[in-house]
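Take a moment to turn the model around before reading on. The paragraphs below walk you through it piece by piece.

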Amino acid sequence: MHVIEKSPEFGEIGAGLQLAPNATGVLHRLGILEDVLAHAVLPARLVMRDALTGDSLISMDLGAPFRQRFGFPYVVAHRADLLNAELRACRLDSRITLEAGLEAVSIEDLGDAARVICADGTTYECDSVVGADGLWSRTRTLIHDDGPPVCAQAVAYRATVPFDQLPEDVDVEAMTIFVGPGVHFVQYVVRPGELLNQVAVFRSDAFRPGDEHSDAWGTPEELDEHFGPLCSRVRSGIARIDRARRWTMFDRLPIPAWTKNRITLLGDAAHPMLQFAAQGACQALEDAVTLGAVMAREPDDRRAFLEYEARRRPRTARVQQTARWLGDLFHASGGDAARRADMFAGRSPQDYSYVDWLYSAGGRW
Ligand SMILES: Cc1cc2nc3c(=O)[nH]c(=O)nc-3n(C[C@H](O)[C@H](O)[C@H](O)COP(=O)(O)OP(=O)(O)OC[C@H]3O[C@@H](n4cnc5c(N)ncnc54)[C@H](O)[C@@H]3O)c2cc1C
């Protein structure tokens with residue numbers, strides 16, 4: 001397998017990544033979980049707090065009962081640490097070759113083969129192609145025409161904070177989400193004793209259709225307006241957020257097919273989702289290991305692709321839609337926020353019934 005990447009090097013922008021047990025089970029299967037765990041953090045609990053008051057709304061115990069239930073831990077890692085573990089494993093496998101600095105500008109379906117043409121003129125005649133080219137996938141346009149990604153009218157600002165500059169009252173053992181009207185704020189340690197990861201998200205009232213790629217909305221001034229009235233723990237974290245760069249949030253609706261002859265899609269190219277469920281990368285990992293398992297026993301790539309997509313589409317569609325629903329739940333205000341509090345009231349930290357369907361896939365491929 002030959003992997004091409006358009007960036008000059010295989011690298012990662014952004015810091016933290018949550019990896020639920022459905023993903024850590026994949027890392028175990030790939031033989032790289034230990035490598036990732038060497039730099040990662042196992043949070044003791046996942047806590048949702050009211051961003052206005054700071055009060056806890058619900059908490060999930062991620063300790064021994066959780067690991068026993070799902071077989072694998074809930075891990076937060078630095079994206080670069082995960083990528084480096086994956087790269088090391090790929091470089092040790094003689095069946096895989098990696099080439100950075102090569103952008104695919106045309107992917108052609110040849111029926112029983114495929115062709116990839118790159119910006120520098122390099123051309124590959126291939127048995128098959130897996131388009132794992134992200135949210136703005138070029139490969140996807142060949143398979144389904146559903147227009148551009150859907151803008152959620154929300155932006156994320158991120159930052160990592162060294163331990164000697166920790167904001168006020170950080171719970172270093174938890175993965176904490178503060179939720180409030182049109183906003184949420186995430187905090188977790190991403191390298192033990194070293195780095196805290198923070199993500200601040202808000203829905204912008206300044207967004208206008210057609211503004212998807214403009215910096216005129218979702219500005220740092222709006223960030224301050226949205227987060228200024230929140231509890232002191234959130235405000236203290238926001239004071240350390242990086243204002244220089246923001247990520248606009250996009251997703252898409254599920255599509256009926258990912259495969260055309262010997263070309264298929266994987267990860268965000270197939271099923272981009274909002275980040276509220278923290279599952280985009282987890283689902284991409286599930287895709288990869290499912291595709292690998294199917295291709296190992298099905299010699300015909302086209303049949304393998306169709307089986308892979310049949311196994312993966314229903315689940316990823318459910319996660320895409322759950323992520324949208326969670327966005328509304330996180331950002332609820334007024335009566336909806338009160339209903340959210342009622343829904344969570346009295347839940348045991350060891351009640352995992354509502355995440356069973358999502359997390360218990362670890363190890364089943
Ligand atoms: C703020 C934020 C927080 C998130 N948090 C989490 C989380 O906690 N847990 C989680 O599971 N997910 C999370 N996600 C989602 C996760 O980052 C994505 O779902 C994941 O990165 C998708 O992986 P991918 O490999 O499919 O696509 P990408 O990561 O987008 O990778 C696609 C790659 O293809 C390359 N490429 C694109 N086009 C071409 C081309 N034409 N030729 C060659 N190369 C090309 C790109 O350069 C890129 O390296 C988060 C996302 C955001 C924005």
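Helix α6, residues 220-227, lies across three strands: β11 (150-162), β13 and β14. Its direction makes an angle of about 90 degrees with β14. Keep in mind that you're looking at a predicted model.

Those strands belong to something wider. They sit in an open sheet of seven strands, and if you read across it, the order is β4-β3-β12-β13-β14-β11-β15, with mixed pairing. At the edges you'll find β4 (56-61) and β15 (246-251), each with a single partner strand, so one side of each has no neighbour in the sheet. Going from one strand to the next, the twist averages 20 degrees.

What holds such strands side by side? Strands in a sheet pair through backbone hydrogen bonds, and they can do that in a parallel or an antiparallel way. For one case, look at β13 (residues 183-191) and β14 (residues 195-203): they run antiparallel and are joined by eight bridges. Within that pair, V189 stands opposite L196 in β14.

Now move to another strand, β2. It pairs with β5 (residues 75-78) over four bridges, in the antiparallel sense, and here Q18 stands opposite V76 in β5. In a regular strand, side chains alternate between the two faces of the sheet. You can follow this along β2: G16 and Q18 point one way, while L17 and L19 point the other way. Are these four residues buried or exposed? All of them are buried.

Q18 also brings us to the ligand. Which residues come nearest to it? Of the 26 residues around the ligand, the nearest are Q18, G134, G267, G280 and A281. The elements that give two or more residues to this shell are β1 (2-5), β2 (16-19) and α8 (280-297). Helix α8 supplies the largest share, four residues. Sorted by class, the shell has 13 nonpolar, seven polar and six charged residues.

Finally, step back and take in the whole protein. There are 11 helices and 16 strands. The radius of gyration is 21 Å, close to the 21 Å that the globule rule gives for 365 residues, so the protein is as compact as a globular protein of that length. Taken along the principal axes, its C-alpha atoms fill a box of roughly 60 × 50 × 40 Å. Of the 365 residues, 39% count as buried. And how do contacts span the chain? Among those between residues at least 6 apart in sequence, 74% join residues at least 24 apart.

Note on methods:
Residues are numbered from 1 along each chain as its sequence is written. This is a predicted model: local features need pLDDT of at least 70, side-chain atom pairs count only at pLDDT 80 or more; totals for chains, interfaces and linings use all residues. A residue is near a molecule or strand if its C-beta atom, placed from the backbone, lies within 6 Å of it. Ala, Val, Leu, Ile, Met, Phe, Trp, Tyr, Cys and Pro count as nonpolar, Asp, Glu, Lys and Arg as charged, and the others, Gly among them, as polar. The radius of gyration is taken over C-alpha atoms; the globule rule is 2.2 Å times the number of residues to the power 0.38. A residue is buried if 20 or more other C-beta atoms lie within 10 Å of its own, exposed if 12 or fewer, and partly exposed in between; C-beta atoms are placed from the backbone. Two residues are in contact if their C-beta atoms, placed from the backbone, lie within 7 Å. Two strands pair if DSSP finds at least two bridges between them. Axes are lines fitted to C-alpha atoms, for helices over the stretch in contact, and angles run from 0 to 180 degrees between N-to-C directions.
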